[in-house]
Amino acid sequence: MKTMLNVALPKGRLGEKVYDMFEKAGFECPSIKENNRKLIFENEEVNVRYFWVKPSDVAIYVERGAADIGVAGKDILLEYEPDVYELLDLDIGRCRMAVAAKSDFRDNTQRTLRVATKFSNIAQQYYMSKGRDIDIIHLNGSIEIAPILGLSDVIVDIVETGTTLKENNLEVKETIVPISARLISNKTSYKFKSDQINEILKEMASQMEANK
Ligand code: PRP
């Protein structure tokens, strides 16, 4: 008998796209599409259990084995460096990690650069690789406000369409890294549930090939 495969999905629009990929791969769970507030859905016929979690928490569930697999943004993987396998770039949820500032910002390298961000580790590593001294101001959201109020010189944040920056009179100064959603696996699960996980991996890879 096959064991149940536990899948952590990121709540929101990206998660719905991800679920559709699992469904096409043969791991459907129709009850998930019923509009209710439930967070856990199971289909015993195909041995799958899905749960909706905050996108930034997916990697925690997978790293600790509460989920066997899940889908997380590369931003989260770079920031928290969870001990998981990154199996596949799903090529959805595309955006980039960037440095942004007011258009008239000019870097004065004589001074420590004040960087506001949710992604302290990514920012730290990026500026360390450039040998630039910085002061991290860790915020939890609405990062764009920081340079406007003079709290920071620049921000390190996710840019998707660029609308948020534009509407706050900021612009991208440097791109740090492109971001997209990744299929990740718990390391032990990958050993013991390899048949199911590899089947999903293969099916998703061929869906992506077909969509090219
Ligand atoms: C993210 C990011 C930017 C915005 C970028 O914010 O922090 O604010 O999206 O998207 P855009 O380039 O398409 O405008 P999110 O919605 O995750 O909220 P928060 O960071 O304020 O929590």
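Ala, Val, Leu, Ile, Met, Phe, Trp, Tyr, Cys and Pro are counted here as nonpolar, Asp, Glu, Lys and Arg as charged, and the others, Gly among them, as polar. The model is predicted: local features need pLDDT of at least 70 and side-chain atom pairs pLDDT 80 or more, while totals for chains, interfaces and linings use all residues. Residues are numbered from 1 along each chain as its sequence is written, and side-chain values use heavy atoms, without hydrogens and water.

The shell around the ligand (residues with a heavy atom within 4 Å of it) is made up of K118, G141, S142, E144, D157, I158, V159, E160, T161, G162, T163 and T164. By class, these shell residues divide into 2 nonpolar, 6 polar and 4 charged.

Polar contacts are pairs of N or O atoms within 3.5 Å. Oxygen atoms of the ligand lie 2.5 Å from a side-chain N or O atom of T161, 2.7 Å from a polar side-chain atom of D157 and 3.1 Å from a polar backbone atom of S142. Alone, the ligand exposes 500 Å², of which the protein buries 65% (Shrake-Rupley method, 1.4 Å probe).

Two elements, β9 (154–159) and α6 (163–167), each give two or more residues to the shell around the ligand; helices are DSSP runs of H or I with at least four residues, and strands runs of E with at least two. The largest share of that shell, 3 residues, comes from β9.

Terms used: Polar contact = N/O pair within 3.5 Å; in protein donor to acceptor, adjacent residues only side chain to side chain.
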